[in-house]
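Reader: I would like to know how the terms used for a protein model are justified. Could you take them one at a time?

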Amino acid sequence: MSGTSRHDAWQAGDSYEIYMGRWSRRIAPLFLDLLSLPRELDWLEIGCGTGALSAAILARCDPSSLIAIDPSEGFLEKARAGVPDPRADFRRGDAEALDLPDASRDVVVSALALNFVPDRAKALAEMRRVARPGGTVAFYVWDYPGGGLQFLRAFWSAAAARDPKAGDLAEDRRFPFCTADQLENEAKAAGLLKVKCRPLETPTVFADFDDYWRPFTLGAGPAPGYVASLTEEARDGLRDALAHALPRQPDGQIALAARAWAVTAKAA
Ligand SMILES: C[S@@+](CC[C@H](N)C(=O)[O-])C[C@H]1O[C@@H](n2cnc3c(N)ncnc32)[C@H](O)[C@@H]1O
């Protein structure tokens with residue numbers, strides 16, 4: 001495991017929900033609105049995590065079936081418990097080698113996961129392979145390079161100011177390809193057709209500084225993994241720097257915003 005992926009720490013479903021799942025659940029319906037697909041299709045979701053998009057698919061799209069894969073047993077357990085629907089089948093799997101036949105799914109989607117897959121070209125080729133001809137292949141990732149995830153950009157700016165090594169762990173440095181142009185090009189290179197990339201945006205409002213900071217102390221995800229690696233003194237220093245830097249509303253809320261890039265395409 002590389003020095004950076006070691007910090008990804010995708011295991012604890014409850015912690016992930018508080019850190020990222022709550023924002024991911026806001027983006028999922030916007031993505032499904034964009035797809036605007038008919039009912040009773042066979043869906044596949046790659047990197048389902050704790051089931052944010054899976055739950056939205058089942059609630060809004062009335063699928064015939066949903067296979068949702070993720071390598072993290074901890075996340076799958078949380079997803080199975082949170083999404084007890086007979087149409088859903090949560091399985092352990094890897095985006096780079098899908099254990100599914102060619103042309104077997106109508107819709108293949110992925111939420112906030114493809115940037116974490118080491119060989120994205122392979123993952124996109126797999127998504128295309130298992131989609132039926134004319135089927136939909138679509139995914140979204142945060143706009144890390146454009147500073148689209150403002151709460152995380154603020155975190156890494158404060159961390160890098162105190163610890164030069166932290167800059168290398170920041171998602172905007174690790175995932176510079178998460179731009180509209182590059183994502184579109186990668187989807188086209190995988191042989192997908194009618195490729196379009198559009199922004200999905202949601203406010204991310206924290207009730208107070210504790211609501212902002214606590215998720216970073218819970219260990220699930222790259223930034224929380226980094227916080228867990230710090231000494232108590234360094235952690236307190238980072239917390240105080242952020243408490244000082246973040247803008248507050250008169251009622252103490254910290255009102256930020258998040259933007260993801262959604263790529264939609266068709267399989268040949
Ligand atoms: C930021 S989480 C997103 C989870 C969920 N889709 C959501 O929207 O909240 C990234 C997910 O990618 C998964 N992941 C990492 N590497 C993967 C791979 N090679 N194949 C499939 N999923 C992977 C992680 O286990 C994690 O659940």
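Author: What follows is a set of questions and answers on a predicted model.

Reader: What makes the pair between Tyr-16 and the ligand a polar contact?

Author: A polar contact needs N or O atoms within 3.5 Å. A polar side-chain atom of Tyr-16 lies 2.6 Å from an oxygen atom of the ligand, so the pair meets the cut-off. By that cut-off Gly-47 also qualifies, because one of its backbone N or O atoms lies 2.8 Å from a nitrogen atom of the ligand. For Asp-94, a polar side-chain atom lies 3.0 Å from a nitrogen atom of the ligand, and therefore it counts too.

Reader: How do you know whether the ligand is buried or exposed?

Author: Taken alone, the ligand exposes 590 Å², and the protein buries 94% of that.

Reader: Which residue classes make up the shell around the ligand?

Author: The shell has 12 nonpolar, 4 polar and 3 charged residues. Gly counts as polar and Asp as charged; Gly-47 and Asp-70 are among the residues that come nearest to the ligand.

Reader: Why are β3 and β6 called edge strands?

Author: The open sheet runs in the order β3-β2-β1-β4-β5-β7-β6. Strands β3 (88-92) and β6 (193-206) each pair on one side only.

Reader: What makes β5 and β7 a pair?

Author: Two strands pair if there are at least two bridges between them. Strands β5 and β7 have 7 bridges, in the antiparallel sense, so they pass. One of the bridges joins Val-141 to Trp-261 in β7.

Definitions and conventions
Residues numbered from 1 in each chain as written. Predicted model: local features only at pLDDT ≥ 70, side-chain atom pairs only at ≥ 80, totals over all residues. Heavy atoms only, no water. Near = heavy atom within 4 Å. Polar contact = N/O pair within 3.5 Å; in protein donor to acceptor, adjacent residues only side chain to side chain. Areas by Shrake-Rupley, 256 points an atom, 1.4 Å probe, with all protein chains shown as cover. Helix = DSSP H or I, 4+ residues; strand = E, 2+ residues; numbered from the N terminus.
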